[in-house]
Amino acid sequence: MSAAEILKNLESRGFKLAIAESLTGGLLSAEFVSVAGASKVLLGSIVAYQTSLKHELLGVSRTLLENQGAVDPEVAAQMAAGIRTKLANKTNTNESQVIGIATTGVAGPDSQDGIEVGTVYVAISGPGSIGDAVFAHQFSGGREAIRTATVSEAIAALGECLAQ
């Protein structure tokens with residue numbers, strides 16, 4: 001599914017979308033915002049690039065961040081759940097109508113906390129049959145290639161979760 005198809009699917013099912021980004025730095029949000037009418041579905045996004053902001057803004061466990069670092073599947077899962085809860089509360093939207101998606105990883109040029117460049121996690125947090133899922137990826141190439149691949153795979157992951 002494309003970003004446009006996902007937004008149409010979400011709208012037809014009465015869902016809203018909340019996005020938490022790290023390595024993608026707003027690229028995932030921009031992909032959805034580029035679709036006319038995105039405001040019917042997209043609640044908003046938070047780019048929590050610094051590790052501390054993942055805790056402060058998204059509620060990721062401080063202990064998890066200290067022990068595992070920011071590039072970890074559970075961190076991605078907590079980011080997706082955190083953005084879902086936060087934006088549902090801030091917009092007075094029932095959380096059962098909100099799907100959260102999050103990206104975290106290492107785009108390079110250097111490894112981070114011993115994590116190899118290209119390591120990426122995309123997480124989805126949603127109600128009912130959509131459920132929660134984390135997708136692990138290992139991309140190659142430079143920063144922009146890794147970030148672009150992450151956006152593509154995040155959209156694909158969300159499409160996969162919606163198709164279930």
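Which helix and which strand each supply at least two residues of the lining of the largest pocket? They are helix H3 (51-58) and strand S3. The legends below concern a predicted model, and the pocket is taken up again in the last of them.

**Figure 1. The open sheet and its strand order.** The sheet is built from 5 strands, arranged in the order S2-S1-S3-S4-S5, with mixed pairing. Strand S2 (42-47) and S5 form the edges, each pairing on one side only. Between neighbouring strands of this sheet the turn averages 10°, direction ignored. Helix H5 (residues 73-90) packs on the sheet and touches strand S1 (16-21), S2, S3, S4 and S5. The direction of H5 makes about 145° with that of S3.

**Figure 2. Strand S4 and its burial.** Strand S4 covers residues 119-125, and 7 of the 7 are buried, so the strand is largely enclosed by the rest of the structure. One side of S4 carries Thr 119, Tyr 121, Ala 123 and Ser 125, and the other carries Val 120, Val 122 and Ile 124. Both faces are covered, with each of these residues buried.

**Figure 3. Pairing of S4 with S3 and with S5.** Strand S3 (residues 98-105) runs antiparallel to S4, and the two are joined over 6 bridges. Within this pair, Ala 102 has Ala 123 as its bridge partner, and Thr 103 stands opposite Val 122. S4 also pairs with strand S5 (residues 132-138), again in the antiparallel sense, over 7 bridges. Here Ala 123 stands opposite Val 134. Ala 123 thus appears in both pairings, with Ala 102 as its partner in one and Val 134 in the other.

**Figure 4. The hairpin of S4 and S5.** The hairpin has 6 residues between its strands. In this hairpin Gly 128 takes a positive phi near 50°.

**Figure 5. Gly 118 in the loop between S3 and S4.** Gly 118 is found in the loop that links S3 and S4. What is its relative accessible area, and is Gly 118 buried or exposed? The value is 0%, below the 20% limit, so Gly 118 is buried. Apart from neighbours within four places in sequence, Gly 118 is in contact with Val 106, His 137, Gln 138, Phe 139 and Ile 146. Gly 118 and Leu 17 are separated by 101 residues in sequence and by 26 Å in space, C-alpha to C-alpha.

**Figure 6. Glu 95 in the loop between H5 and S3.** Glu 95 lies in the loop between H5 and S3. Its relative accessible area is 30%, and Glu 95 is partly exposed. When neighbours within four places in sequence are left aside, the contacts of Glu 95 are Arg 84, Thr 85 and Ala 88. Glu 95 and Lys 16 are 79 residues apart in sequence, with 9.2 Å between their C-alpha atoms.

**Figure 7. The largest pocket and its lining.** The largest pocket holds about 180 Å³ of space. Its lining comprises 16 residues, and those that lie nearest the centre are Tyr 49, Gly 105, Val 106, Ala 107 and Gln 112. By class, 6 lining residues are nonpolar, 7 are polar and 3 are charged. Helix H3 and strand S3 each contribute at least two residues to this lining. Val 106, listed here among the residues nearest the centre, is also one of the contacts of Gly 118.

Terms used:
Residues are numbered from 1 along each chain as its sequence is written. This is a predicted model: local features need pLDDT of at least 70, side-chain atom pairs count only at pLDDT 80 or more; totals for chains, interfaces and linings use all residues. Side-chain values use heavy atoms; hydrogens and water are left out. Buried means under 20% relative accessible area, exposed over 50%, partly exposed in between (1.4 Å probe, protein chains only). Helices (H or I, at least four residues) and strands (E, at least two) are DSSP runs, numbered from the N terminus. Two strands pair if DSSP finds at least two bridges between them. On a 1 Å grid over the protein atoms alone, a cavity is a set of points where a 1.4 Å probe fits but cannot get out, and a pocket is an open set with protein on both sides within 12 Å along at least five of seven lines; lining residues have an atom within 4 Å of a point. Grid points are joined across faces, edges and corners, and a volume is the space filled by probe spheres set on the points. Ala, Val, Leu, Ile, Met, Phe, Trp, Tyr, Cys and Pro count as nonpolar, Asp, Glu, Lys and Arg as charged, and the others, Gly among them, as polar. Axes are lines fitted to C-alpha atoms, for helices over the stretch in contact, and angles run from 0 to 180 degrees between N-to-C directions. Contact means heavy atoms within 4.5 Å.
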